[in-house]
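Here's a quick walk through one protein model, written for someone who likes to know the cut-offs. Have a look at the structure first, then read on.

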Amino acid sequence: MYIKIKLKQDGPVIAPIKFNILLEELKNALKHCYMELGTPYNPIQIDNFVTVGKNAFSLIDRKTKISISLSANSDDDLSDIIDYRLVCCKVINVDKTFINQDGLLNNHWGRLFKYSDEFVYSAPDGTLYIAPNKNEKCIIFTRDSVHDTNVSYSILLSLKVNFKNEKPRRFYLILDPLVKVSSGRGTNPPVIN
């Protein structure tokens with residue numbers, strides 16, 4: 001199973017980034033360990049169960065479409081998994097400039113991103129929530145011109161698991177990488193030729 005992040009711009013093709021989930025290890029830990037509540041309010045951190053490849057980005061350029069999805073690998077053992085889904089993506093502005101300036105909370109996301117209000121909600125605490133669209137993808141676009149800023153984002157997903165001799169249970173899981181949104185040129189992830 002993997003989380004796929006696809007970045008699309010005009011011009012050269014950018015390779016999709018895959019965060020591979022070590023599914024067997026994760027299922028084993030969920031079955032035999034107490035790992036937080038695993039609810040939407042208190043999801044289980046899965047950073048230790050995700051491998052990040054060499055193309056993992058830490059910088060996103062302007063004028064970029066960002067698409068996040070959850071998929072199963074063809075060799076995944078899904079016999080215990082009743083259902084898996086991407087629940088939402090959450091973005092928080094952690095940039096020092098943003099935090100240190102009063103009055104930036106009002107419409108600050110509109111300066112960085114373009115998005116559909118149908119699937120994106122800007123909460124009063126300054127958090128941006130992105131729900132999956134009909135195609136089960138969380139999608140957002142960076143503006144044509146943005147100021148450099150650091151954001152923290154979380155990917156919330158769920159697995160409904162039916163372990164032998166146990167009642168089926170839905171677990172909520174979260175991955176928390178960090179990214180910088182930049183207006184600079186030549187700062188994209190590696191390009192495929």
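## Two loops, then the sheet

Glu 136 sits in the loop between β10 (128-130) and β11 (138-142), with strands being DSSP runs of E, at least two residues, and helices runs of H or I, at least four residues, numbered from the N terminus. Before going further, the ground rules: this is a predicted model, where local features need pLDDT of at least 70, side-chain atom pairs count only at pLDDT 80 or more, and totals for chains, interfaces and linings use all residues. Residues are numbered from 1 along each chain as its sequence is written, and side-chain values use heavy atoms, with hydrogens and water left out.

Back to Glu 136: its phi is near 65 degrees, a positive value in a residue other than glycine. Glu 136 has a relative accessible area of 45%, so it goes down as partly exposed (buried is under 20%, exposed over 50%, partly exposed in between, using a 1.4 Å probe and protein chains only). Glu 36 also has a phi near 65 degrees, again positive in a residue other than glycine. You'll find Glu 36 in the loop between α1 (23-32) and β3 (44-45), and at 44% relative accessibility Glu 36 is partly exposed.

**The chain as a whole**

The protein chain has three helices and 14 strands. It runs to 193 residues, 42% of them buried. Take contacts (heavy atoms within 4.5 Å) between residues at least 6 apart in sequence: 71% of them join residues at least 24 apart. The accessible surface is about 11000 Å², and carbon and sulfur atoms own 48% of that; areas come from the Shrake-Rupley method with a 1.4 Å probe, and for residues only the protein chains shown count as cover.

**The core and strand β12**

A nonpolar core here is a set of buried Ala, Val, Leu, Ile, Met, Phe, Trp, Tyr and Cys residues joined through side-chain atoms within 4.5 Å. The largest one holds 43 residues, and the members touching the most others are Ile 3, Ile 5, Ile 68, Ile 155, Leu 159 and Leu 173. Strand β12 (residues 149-161) supplies the largest share of this core, six residues. How enclosed is β12 by the rest of the structure? Largely, because 11 of its 13 residues are buried.

Leu 159 shows how many parts of the chain meet here. Leaving out residues up to four places away in sequence, Leu 159 touches Met 1, Leu 23, Leu 26, Leu 30, Ile 81, Asp 83, Tyr 84, Arg 169, Arg 170, Phe 171 and Leu 173.

**Who pairs with whom**

Two strands pair if DSSP finds at least two bridges between them. Here are the pairings that involve β12 or β13:

| Strands | Bridges | Sense | A facing pair |
|---|---|---|---|
| β7 (residues 81-93) and β12 | 11 bridges | antiparallel | Arg 85 and Ser 158 |
| β12 and β13 (residues 169-175) | seven bridges | antiparallel | Leu 157 and Leu 173 |
| β3 and β13 | two bridges | parallel | Ile 44 and Leu 173 |

Val 161 also stands opposite Arg 169 in β13. Strand β13 is mostly covered, with five of its seven residues buried.

**Arg 170 in β13**

Arg 170 is found in strand β13. Is Arg 170 buried or partly exposed? Its relative accessible area is 23%, so Arg 170 counts as partly exposed. Not counting neighbours within four places in sequence, Arg 170 is in contact with Gly 38, Asp 83, Arg 85, Ser 158, Leu 159 and Lys 160.

The Arg 170 side chain makes polar contacts with two side chains, that of Asp 83 at 2.8 Å and that of Ser 158 at 2.9 Å. A polar contact is a pair of N or O atoms within 3.5 Å; within protein, one must be able to donate a hydrogen and the other to accept it, and residues adjacent in sequence count only if both atoms are side-chain atoms. Arg 170 and Tyr 84 are 86 residues apart in sequence, and their C-alpha atoms are 9.0 Å apart in space.

**Cysteines**

How many disulfides are there? Zero, by the rule of a pair of cysteine sulfur atoms within 2.5 Å. For Cys 88, the closest cysteine sulfur is in Cys 89, 6.7 Å away, which is too far for a bond. Cys 88 is buried at 16% relative accessibility, whereas Cys 33 is partly exposed, at 45%.
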